[in-house]
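Here are my notes on this one, in the order I went through it. Have the structure open next to you while you read.

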Amino acid sequence: MSGQQLLYLSQEDVKTVNVGMPEIIEALDVTFRAKGEGRTEMPPKPGIHPGADNFIHAMPAYIPDLKSAGIKWVSGF
């Protein structure tokens with residue numbers, strides 16, 4: 001993994017980025033267009049279910065048009 005690093009952003013990091021609504025709308029437009037044209041990787045979410053009424057799921061995605069990849073962890077207990 002030469003030159004590649006995982007960037008973890010805290011809630012405070014995200015707040016200080018100060019991205020404006022026009023930039024957010026543009027990124028969403030690029031993302032939804034790429035998704036509609038089949039140029040993204042968003043596999044089915046893998047998950048575990050450690051109990052009867054709980055779960056932990058991973059939701060990875062890659063959007064080449066934005067040179068971005070990420071993962072969202074979702075859990076319910």
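1. A bit of vocabulary before the strands come up: two strands count as paired if DSSP finds at least two bridges between them. With that in hand, Gly51 has Asn54 in β2 as its bridge partner. Do keep in mind that this is a predicted model.

2. Now the sheet as a whole. It is open, has 3 strands in the order β1-β2-β3, and the pairing is antiparallel. β1 (47-51) and β3 (68-76) sit at the edges with a single partner strand each, so one side of each has no neighbour in the sheet. From one strand to the next, the twist averages 10 degrees.

3. On to the β1/β2 pair. β1 runs antiparallel to β2 (residues 54-63), and the two are joined over 3 bridges. Together they make a hairpin, with 2 residues between the strands. If you want landmarks, look for Ile48, which stands opposite Ile56 in β2, and for Gly51, which is bridged to Asn54.

4. The other pair is β2/β3. Here the antiparallel pairing extends over 9 bridges. One of the places to look is Ala61, whose bridge partner in β3 is Gly70. This is a hairpin too, with 4 residues between β2 and β3. In its turn, Lys67 has a positive phi of about 50 degrees, so have a look at that backbone if you are checking torsions by hand.5. Next, helix α2 (residues 21-36). Does its length come out as expected or not, and what span should 16 residues give? At 1.5 Å a residue, α2 should span 22 Å, and its end C-alpha atoms are 22 Å apart, which agrees. After α2 comes Gly38, with a positive phi near 75 degrees.

6. Which residues of α2 are buried? They are Val30, Thr31 and Ala34. These residues cover an arc of only 95 degrees around the axis, which puts them on the same side of α2. The cover over the buried residues of α2 includes β2, the strand that pairs with β1 over 3 bridges and with β3 over 9 bridges.

7. Last, the opposite face of α2. Turned away from the buried side are the exposed residues Met21, Pro22, Ile25, Phe32 and Gly36. For the cut-offs behind those words, buried is under 20% relative accessible area and exposed is over 50%.

Definitions and conventions
Residues numbered from 1 in each chain as written. Predicted model: local features only at pLDDT ≥ 70, side-chain atom pairs only at ≥ 80, totals over all residues. Heavy atoms only, no water. Axes fitted to C-alpha atoms, helices over the stretch in contact; angles between N-to-C directions. Expected span 1.5 Å × (residues − 1). Buried < 20%, exposed > 50% of the residue type's maximum accessible area, 1.4 Å probe, protein only. Arc of directions from axis to C-beta. Contact = heavy atoms within 4.5 Å.
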